[in-house]
Amino acid sequence: MNAGIVNKFKLVFASCACAGFLTTSAAAPLQAAAQDLTQSLPMRVGNYISPFGHYLAAFHAERQKNYSLAADLLSVTRMRDDSNAFLQDNQHQWLVTEGRYVDAASLAENLLKMSPDSIFGQRTLFVDAVSRDDWKAAKTFLPPFPEQGLDAYLVPLQTAWTAAQEGDHKAALEALQRFREEPSLEPIGIITEALLHEQAGNNQQAIDFYDKALNLYEVPPERLVALAGNLFERTDQTQRAQDLYSSFLVQSPRNHHIQARLEAALQGKTATPLISGPRAGLAEGAYALARVIYRDKLDPVALTLANIALHLSPSEPAYVLLAGRMLSDQKRYNDALVLYESISADSLAYYSTQLIKSNNLSDAGRFEEAITLLKDLAKKQPERADALVQLGNILRRNERNEE
């Protein structure tokens with residue numbers, strides 16, 4: 001992605017305080033509403049808390065990319081000034097970045113009361129409504145297409161899938177025009193068009209668009225291979241799906257997810273749609289944007305998008321793995337492990353997830369758990385060597401050379 005597009009995607013995360021939002025008293029009496037929250041937070045001293053201390057700690061946590069802790073810390077400060085727009089805006093942004101939409105929704109409503117055109121508030125309430133399949137409510141939070149920023153591309157996706165939900169296939173396709181104008185994002189538009197045709201029952205047109213997307217790459221991305229192959233399998237083109245998977249594995253022989261898809265296809269197992277409806281389609285679009293942005297390490301933006309995808313489709317392994325990778329890159333290993341636990345043993349992504357999980361356990365200093373996991377994985381799938389190779393690497397790093 002070029003620098004111009006990177007700059008377009010940047011979110012504004014405020015980093016300076018508004019003057020006069022907080023008094024300069026050293027501490028305030030501990031309020032009952034804050035008691036449970038502050039038990040584990042660092043600014044509690046005896047029976048008192050420091051709102052300003054929590055404010056400073058919140059922005060330190062934000063710089064450390066721990067947005068969830070930052071939001072919790074700032075909620076203590078807000079008890080001294082609950083109507084402060086600056087504090088509400090920052091807490092809302094951090095909650096959304098972490099995917100905490102239940103907590104963010106009420107703040108979003110306040111933002112819209114103060115500023116009816118707030119793109120942040122509209123986005124939060126739109127996503128939350130879609131997660132409840134309340135498309136009628138969601139449509140009330142659809143803004144005009146912004147000219148820049150994350151929402152310049154997210155809003156067209158929201159508009160397209162809202163139109164698809166209403167059965168307006170033409171309007172859905174027209175909403176994607178902006179992706180055709182940006183070469184680095186054009187594949188997202190093409191794949192979304194394929195998905196929209198698929199949802200409308202136009203399978204041949206969907207296949208044509210998947211072919212168009214596949215032809216853009218010498219080695220197509222794993223997710224595109226999975227989506228296209230899935231449709232091939234469901235339209236009696238199983239051999240074509242097998243060829244696509246096999247060709248991909250020539251270039252990426254250790255990709256266990258696509259290997260599992262190939263094995264399932266060879267065994268004649270029935271494929272089910274990866275994208276089951278408009279809500280899942282919007283989740284896929286947010287995930288695709290997150291992947292592109294994350295290559296440029298715009299962490300808050302990419303994590304926001306990954307968590308939109310998870311909020312809409314929490315059981316999709318691709319979204320879990322992407323969000324987990326982002327958390328691991330931020331050294332939030334235990335948070336990533338919580339996500340990985342959601343992938344069930346019958347998922348085609350289970351084996352690869354367990355390998356990733358073992359690395360996270362090791363990086364978190366939980367070596368014995370990582371070793372146990374890999375030994376169990378090697379016993380369950382003795383025909384695969386990856387678990388043993390990874391086990392050997394972890395033992396070697398811990399100077400357990402004889403083992």
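Here is a short exchange about two helix pairs and one leucine in this predicted model.

User: Before we start, what are the ground rules for this model?

Analyst: It's a predicted model, where local features need pLDDT of at least 70, side-chain atom pairs count only at pLDDT 80 or more, and totals for chains, interfaces and linings use all residues. Residues are numbered from 1 along each chain as its sequence is written, and side-chain values use heavy atoms, with hydrogens and water left out.

User: Why is helix 14 called roughly antiparallel to helix 15?

Analyst: Helix 14 (residues 222-234) and helix 15 (residues 238-251) pack at about 165°. Angles over 145 degrees count as roughly antiparallel, so that's what this pair is. The angle is taken between N-to-C directions, from 0 to 180 degrees, using axes fitted to C-alpha atoms over the stretch in contact. Those axes are 7 Å apart.

User: Which residues of helix 14 and helix 15 make the contact?

Analyst: With contact meaning heavy atoms within 4.5 Å, helix 14 contributes residues including Val-225, Gly-229 and Phe-232, and helix 15 residues including Ala-241, Leu-244 and Phe-248.

User: And what makes helix 21 roughly parallel to helix 23?

Analyst: Helix 21 (residues 350-363) and helix 23 (residues 386-397) pack at about 5°. The cut-off for roughly parallel is under 35 degrees, so the pair qualifies. Among the residues that meet are Tyr-351 and Leu-355 in helix 21 and Gln-390 and Ile-394 in helix 23.

User: Where does Leu-321 lie, and what does Leu-321 touch?

Analyst: Leu-321 sits in helix 19 (residues 317-329). Leaving out residues up to four places away in sequence, Leu-321 touches Tyr-340, Ile-343, Thr-353 and Ile-356.

Technical notes
Helix = DSSP H or I, 4+ residues; strand = E, 2+ residues; numbered from the N terminus. Parallel < 35°, antiparallel > 145°, perpendicular 65-115°, else oblique.
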